[in-house]
Amino acid sequence: MGGDEIDEIEAGHRQELRRGTVGLACLLRLRTPDYGYALLESLGADGIDVDANTLYPLLRRLEKQGLVTSEWSTGEARPRKFYRTSPEGDRLARVLTDDWHRLDAALRGLIQRGES
């Protein structure tokens, strides 16, 4: 197996690992309403880099699933679509956060046992 193939495999696994966490991050972050570009920027500032081509389809999917709501704001010079986590999205965020904590604890245990 060559270096390029290993890099490709690593990139695939990293993408799979991040895929679900970006959805959870959006649900958590959108408890405070915001528009897409600002969400993109704030997630990046929090260390969760997301490509716009990933974020916008994700927001549409979350909205279609009823997990976020959206509303156009025309109060500024440029209309912006603001997203907000719905009550169903907030409930799902709590469930996923609990799962995240359980997985994090389990992985930390595996890592510690591997290091000793």
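Strands, as the word is used in these legends, are DSSP runs of E at least two residues long, numbered from the N terminus, and two of them pair if DSSP finds at least two bridges between them. The structure shown is a predicted model.

**View 1. A hairpin joins strands β2 and β3.** The connection between β2 and β3 runs through six residues, and the two strands pair in the antiparallel sense over six bridges. One position to look for is Glu 71, whose bridge partner in β3 is Phe 82.

**View 2. The open sheet contains three strands in the order β1-β3-β2.** The pairing in this sheet is antiparallel, and its edge strands are β1, at residues 34-35, and β2, at residues 68-73, each of which pairs on one side only. In general, the strands of a sheet pair through backbone hydrogen bonds, either parallel or antiparallel.

**View 3. Strand β1 is joined to strand β3 by two bridges.** Strand β3 comprises residues 80-85, and β1 and β3 run antiparallel to each other. Within this pairing, Asp 34 stands opposite Tyr 83, a residue of β3.

**View 4. Helix α3 packs on the sheet.** This helix, formed by residues 52-64, touches both β2 and β3, and its direction makes an angle of about 115° with that of β2.

**View 5. One aromatic pair is found in a search of the whole structure.** The two rings belong to Tyr 35 and Phe 82; their centres are 5.4 Å apart and their planes stand at 70°, and because planes over 60 degrees apart count as edge-to-face, the pair is described in that way. Since Tyr 35 lies in strand β1 and Phe 82 in strand β3, the pair ties together parts that are 47 residues apart in sequence. Phe 82 also appears in View 1, as the bridge partner of Glu 71.

**View 6. Helices α1 and α2 cross at roughly 110°.** The axes of α1, which covers residues 3-29, and α2, which covers residues 36-45, come within 11 Å of each other. Because angles of 65 to 115 degrees count as roughly perpendicular, that description applies to α1 and α2, and α1 passes α2 in a right-handed crossing. On the α1 side the contact is made by Ala 25, Cys 26 and Arg 29, whereas on the α2 side it is made by Leu 39, Ser 42 and Leu 43. Divided by character, the residues of this contact are four nonpolar, one polar and one charged.

Note on methods:
Residues are numbered from 1 along each chain as its sequence is written. This is a predicted model: local features need pLDDT of at least 70, side-chain atom pairs count only at pLDDT 80 or more; totals for chains, interfaces and linings use all residues. Side-chain values use heavy atoms; hydrogens and water are left out. Helices (H or I, at least four residues) and strands (E, at least two) are DSSP runs, numbered from the N terminus. Contact means heavy atoms within 4.5 Å. Axes are lines fitted to C-alpha atoms, for helices over the stretch in contact, and angles run from 0 to 180 degrees between N-to-C directions. Angles under 35 degrees count as roughly parallel, over 145 as roughly antiparallel, 65 to 115 as roughly perpendicular and the rest as oblique. A crossing is left-handed if the near helix is turned anticlockwise from the far one by less than a right angle, and right-handed if clockwise. Ala, Val, Leu, Ile, Met, Phe, Trp, Tyr, Cys and Pro count as nonpolar, Asp, Glu, Lys and Arg as charged, and the others, Gly among them, as polar. Rings of Phe, Tyr and Trp (its six-membered ring) pair if their centres lie within 6.5 Å; planes under 30 degrees apart count as stacked, over 60 as edge-to-face and the rest as tilted.
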